[in-house]
Amino acid sequence: MTPPRSDQGFVRMPDADFEAILARAAEKGAKRALADVGLDGEEAALDIRDLRSLLDCIRLVRRTAMQTAVRMITTGVMLALLAGIAIKLKIFGGTP
């Protein structure tokens with residue numbers, strides 16, 4: 001790595017050196033961010049897989065709950081329509 005030159009207050013360096021510095025900084029920043037949230041160490045990959053699995057389960061539960069609610073509402077509307085038809089046709093022996 002060649003030493004950077006300073007021209008009019010700006011530092012100039014070869015692109016390859018600059019990209020290497022950026023890569024190291026990004027790697028250190030990512031490791032620090034993972035450590036800050038407790039996802040560092042040997043168990044980190046397993047923890048992330050568990051979190052993804054938990055999120056998949058939550059999405060499944062939410063989707064199933066919505067489907068169940070729609071089915072219950074549809075069934076209620078159908079029962080109300082059938083009851084209205086039954087009353088209108090006096091199927092249950094209503095008043096003469």
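**Close-up views of a predicted chain**

**View 1. Lys31 and Glu27 lie 4 residues apart in helix H1 (residues 15–36), and are therefore separated by about one helical turn.** Helices (H or I, at least four residues) and strands (E, at least two) are DSSP runs, numbered from the N terminus. The model is predicted: local features need pLDDT of at least 70 and side-chain atom pairs count only at pLDDT 80 or more, whereas totals for chains, interfaces and linings use all residues. Residues are numbered from 1 along each chain as its sequence is written, and side-chain values use heavy atoms, with hydrogens and water left out. The side chains of Lys31 and Glu27 meet in a salt bridge, at 3.2 Å from N to O (a side-chain nitrogen of Lys or Arg within 4 Å of a carboxyl oxygen of Asp or Glu). Lys31 counts as exposed, at 53% relative accessibility, while Glu27 counts as partly exposed, at 45% (buried is under 20% relative accessible area, exposed over 50%, partly exposed in between, with a 1.4 Å probe and protein chains only).

**View 2. In helix H2 (residues 44–88), Arg59 and Asp56 are 3 residues apart, and so are separated by about one helical turn.** Arg59 forms a salt bridge with Asp56, and the closest N and O atoms of this pair are 3.4 Å apart. Both residues count as partly exposed, Arg59 at 46% relative accessibility and Asp56 at 47%. A search of the whole structure finds 2 salt bridges.

**View 3. The lengths of the two helices agree with what is expected from their residue counts.** At 1.5 Å a residue, the 22 residues of H1 should span 32 Å, and the end C-alpha atoms of H1 are 31 Å apart. For the 45 residues of H2 the expected span is 66 Å, and the end C-alpha atoms of H2 are 66 Å apart; the expected span is 1.5 Å times one less than the number of residues.

**View 4. Each helix is followed by a residue with a positive phi.** After H1 comes Gly38, whose phi is near 85 degrees. After H2 comes Lys90, which has a positive phi of about 50 degrees although it is not a glycine. Lys90 lies in the segment after H2 and is exposed, with a relative accessible area of 52%.

**View 5. A nonpolar patch on the surface is formed by Leu79, Leu82, Ile85, Leu89, Ile91 and Phe92.** Together these residues have about 700 Å² of accessible area (Shrake-Rupley method, 1.4 Å probe; for residues, only the protein chains shown count as cover). Patch residues have over 30% relative accessible area and no salt bridge, like charges being joined within 9 Å and nonpolar side chains (Val, Leu, Ile, Met, Phe, Trp, Tyr) within 5 Å. One of the patch residues, Leu82, is in helix H2 and is exposed, with a relative accessible area of 52%.

**View 6. The chain as a whole follows the pattern β-β-α-α when read along the sequence.** The chain contains 2 helices and 2 strands, and of its 96 residues 4% count as buried. The accessible surface of the chain comes to about 8800 Å², of which 65% belongs to carbon and sulfur atoms. The mean pLDDT (the predictor's confidence in each residue, from 0 to 100) is 88, and 89% of the residues reach 70 or more. Confidence is lowest in strand S1 (residues 5–7), at a mean of 64, and highest in H2, at 95. Where pLDDT is low, the predicted coordinates should not be read in detail.
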